[in-house]
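Trainee: I would like a close look at one part of this protein, namely its salt bridges. Could you take me through them slowly, with the terms explained as they come up?

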Amino acid sequence: MRGTRRTLSGRAERLQWRRELPGGGRVEGEVRITRAQSPERIEWVTENLRLRLRRGMPVRHLSVRPRGLLRLRPLDGGRATEVRLSLQVENAPPVSWLSRRVRMGLHSTMRRLRALAETGELATIAGQPSGR
């Protein structure tokens, strides 16, 4: 999600993260690396997910457990890299809009990763005139 703040802290095999949401809400959890074959493969599980929808509301502990797998494979003699990302969510609620939103977020993240890998920067219009 754009406009959110992400933080990571912790040791290499366990990371804590937080994402600020509009309206003072936040979602946070811990990522535990379950398998790593650097630099080709990383598997992880997200644990202890907590959600607060708005400032002043109670924090809810979520029972979902997202698991991920990131695979990188060199192509073309090392001049290119194939990136594959798989995500599974245990105990996911059967809500179609949620799965669509997750897919859209992953698509956007992968597109930004590609731009960063290809150019070394992320293009933005922040701080530029709107062109009106």
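Mentor: What follows is a walk through the salt bridges, after a short word on how the model should be read.

This is a predicted model, in which local features need pLDDT of at least 70 and side-chain atom pairs count only at pLDDT 80 or more, while totals for chains, interfaces and linings use all residues. Residues are numbered from 1 along each chain as its sequence is written, and side-chain values use heavy atoms, with hydrogens and water left out.

The score called pLDDT is the predictor's confidence in each residue, from 0 to 100; the protein chain averages 80, and 86% of the residues score at least 70. Over residues 1-5, however, pLDDT stays under 50. Where pLDDT is low, the predicted coordinates should not be read in detail.

Now to the pairs themselves. Side chains of opposite charge can pair when their charged atoms come close. Here a salt bridge means a side-chain nitrogen of Lys or Arg within 4 Å of a carboxyl oxygen of Asp or Glu, and the structure holds 16 of them.

One of these joins the side chains of Arg35 and Glu43, at 3.5 Å from N to O. Arg35 has a relative accessibility of 39%, so it counts as partly exposed (buried means under 20% relative accessible area, exposed over 50%, and partly exposed in between, with a 1.4 Å probe and protein chains only).

Another salt bridge links Glu82 with Arg73, at 3.0 Å from N to O. Glu82 counts as partly exposed because its relative accessibility is 22%, and Arg73 is also partly exposed, with a relative accessible area of 46%.

A further pair, Arg114 and Glu118, meets at 2.9 Å from N to O. These two residues lie four residues apart in helix α1, so Arg114 and Glu118 are separated by about one helical turn (helices, H or I with at least four residues, and strands, E with at least two, are DSSP runs numbered from the N terminus). Both Arg114 and Glu118 are exposed.

Beyond such single pairs, salt bridges that share partners join Arg14, Glu30, Arg32, Glu47, Arg65, Arg67 and Glu90 into one network.

Helix α1 also holds a nonpolar residue, Val102, which counts as partly exposed because its relative accessibility is 37%.

Technical notes: Contact = heavy atoms within 4.5 Å.
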